[in-house]
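Here are some exercises to work through with the coordinates open beside you. Try each task before you read its solution.

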Amino acid sequence: TIAAASAHHLKEVVLRIYWDGNPKPSVEVPVGDFLGLNLGQYDLYQSAYLNCSPVKALNAYFAMPFRRSARITATTDGKQDVNSFYSNIDYQRVPSLPDDALYFHAQYRQATPTEATTNDWKSNGDANRLKNPDGKQNYVFAEARGRGQLMGVTLGVLQNQEFWMGEGDEMIFIDDESTPAIIGTGSEDYFNGAWDFGGRDGAVPFGYLYNGSHLITNAERTGGRYCLYRFHGDNPVTFTRYMKMTMEHGHANHRADNWYSVCYWYQSQPYTDFPPLPSAEARIPV
């Protein structure tokens with residue numbers, strides 16, 4: 001839990017985790033985004049791995065094995081002091097780890113806005129579904145090389161346009177950089193909801209063990225906000241050489257909304273080839 005003067009401290013404070021003396025972090029995420037509050041505002045929800053409890057209690061339950069050392073830091077990129085930053089970390093020493101134990105990773109990305117392929121952002125017709133077979137202009141949550149397992153994503157969407165934003169397909173590349181191995185039927189389905197989560201005037205926030213949209217405000221309207229999550233603890237997506245987690249922003253990427261995301265995965269070696277973290281000011285949803 002955090003006591004900070006800045007209203008944007010969930011976006012300004014950055015959590016980093018370094019494994020086994022690596023000079024670069026395998027986790028580099030604004031603390032709010034890491035806990036599923038991707039739009040920088042508190043709201044109460046519960047999942048298998050993350051929750052926000054009353055009043056501003058942020059909790060994570062990911063297993064994070066390491067062999068020699070772990071270093072966890074929290075750094076503010078804001079201009080105001082963080083008055084208090086409380087933490088409690090549970091750990092266990094064991095004689096050794098299995099040879100196939102994997103390192104935890106989390107990477108932050110954003111697009112403000114996503115780059116639209118057309119101006120026809122009102123149309124969600126199924127005819128557009130066939131126009132993007134290789135996902136080249138998709139939003140990328142993370143891209144990694146090595147052996148591991150995709151754990152899931154959290155996503156905050158701030159709508160810049162009217163109508164339903166969640167019709168883009170997830171496309172997951174596994175050991176093949178040219179062709180996605182998994183192509184979904186729409187982001188509403190990937191997050192295990194349906195029918196626009198209730199639509200423009202009947203949207204219902206929901207949160208379960210592995211999936212949810214715990215924040216929905218001003219649904220399907222300009223300025224509308226969604227916070228979503230999907231975890232693969234019960235249906236793992238494994239890779240041996242390469243993984244890229246992507247999603248269309250609207251059918252064939254025809255929408256230009258603001259996206260803020262975290263991808264979580266495990267990997268056999270600490271992986272640190274991350275893109276530069278956007279500035280604190282750029283991370284604040286506008």
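## Exercise 1: a salt bridge with two environments

Arg 283 is buried, its relative accessible area being 0%. Keep in mind as you work that this is a predicted model.

**Task.** Work out how the side chains of Arg 283 and Asp 77 meet, and whether Asp 77 counts as buried, partly exposed or exposed.

**Solution.**
1. Begin with the contact: the side chains of Arg 283 and Asp 77 form a salt bridge, with 3.1 Å from N to O.
2. Next, place the two partners. Arg 283 sits in helix α4 (residues 280-283), while Asp 77 belongs to the loop between β7 (70-76) and β8 (82-85). The pair is 206 residues apart and so links distant parts of the chain.
3. Now classify Asp 77. Its relative accessibility is 37%, and the partly exposed class runs between 20% and 50%, so Asp 77 counts as partly exposed.

## Exercise 2: two further salt bridges

**Task.** Find how many salt bridges a search of the whole structure gives, then describe the one between Asp 33 and Lys 11 and the one between Glu 177 and Arg 145.

**Solution.**
1. The search of the whole structure returns eight salt bridges.
2. One of them joins the side chains of Asp 33 and Lys 11, at 3.0 Å from N to O. Because Asp 33 lies in helix α2 (residues 31-34) and Lys 11 in helix α1 (residues 9-12), this pair ties together parts that are 22 residues apart in sequence.
3. Check the surroundings of this pair: both Asp 33 and Lys 11 are buried.
4. Turn to Glu 177 and Arg 145, whose side chains meet in a salt bridge at 2.7 Å from N to O. Glu 177 is in the loop between β12 (170-174) and β13 (182-183), and Arg 145 is in strand β10 (residues 139-145), so parts 32 residues apart in sequence are tied together.
5. Glu 177 counts as partly exposed at 45% relative accessibility, and Arg 145 also counts as partly exposed, at 42%.

## Exercise 3: reading two sheets

**Task.** Give the strand order and the edge strands of the open sheet with three strands and of the open sheet with four strands.

**Solution.**
1. The three-stranded open sheet has the order β4-β5-β6, with antiparallel pairing. Its edge strands are β4 (45-46) and β6 (57-60), each of which pairs on one side only.
2. Look at one pairing in detail: β4 and strand β5 (residues 50-53) are antiparallel and pair over two bridges. Here Gln 46 stands opposite Asn 51 in β5.
3. The four-stranded open sheet follows the order β10-β18-β12-β13, again with antiparallel pairing. β10 and β13 are the edge strands, each pairing on one side only.
4. β12 and β13 run antiparallel and are joined by two bridges. Ile 172 stands opposite Ile 182 in β13.

## Exercise 4: the cysteines

**Task.** Count the disulfides and decide whether Cys 52 is buried or exposed.

**Solution.**
1. A disulfide needs two cysteine sulfur atoms within 2.5 Å; by this rule the count comes to zero.
2. For Cys 52, the nearest cysteine sulfur is that of Cys 227, 11 Å away, and Cys 52 is in no disulfide. Cys 227 is in no disulfide either, the sulfur of Cys 52 being its nearest cysteine sulfur.
3. Cys 52 is buried, with a relative accessible area of 2%. Cys 227 is buried as well, at 1%.

Note on methods
Residues are numbered from 1 along each chain as its sequence is written. This is a predicted model: local features need pLDDT of at least 70, side-chain atom pairs count only at pLDDT 80 or more; totals for chains, interfaces and linings use all residues. Side-chain values use heavy atoms; hydrogens and water are left out. A salt bridge is a side-chain nitrogen of Lys or Arg within 4 Å of a carboxyl oxygen of Asp or Glu. Buried means under 20% relative accessible area, exposed over 50%, partly exposed in between (1.4 Å probe, protein chains only). Two strands pair if DSSP finds at least two bridges between them.
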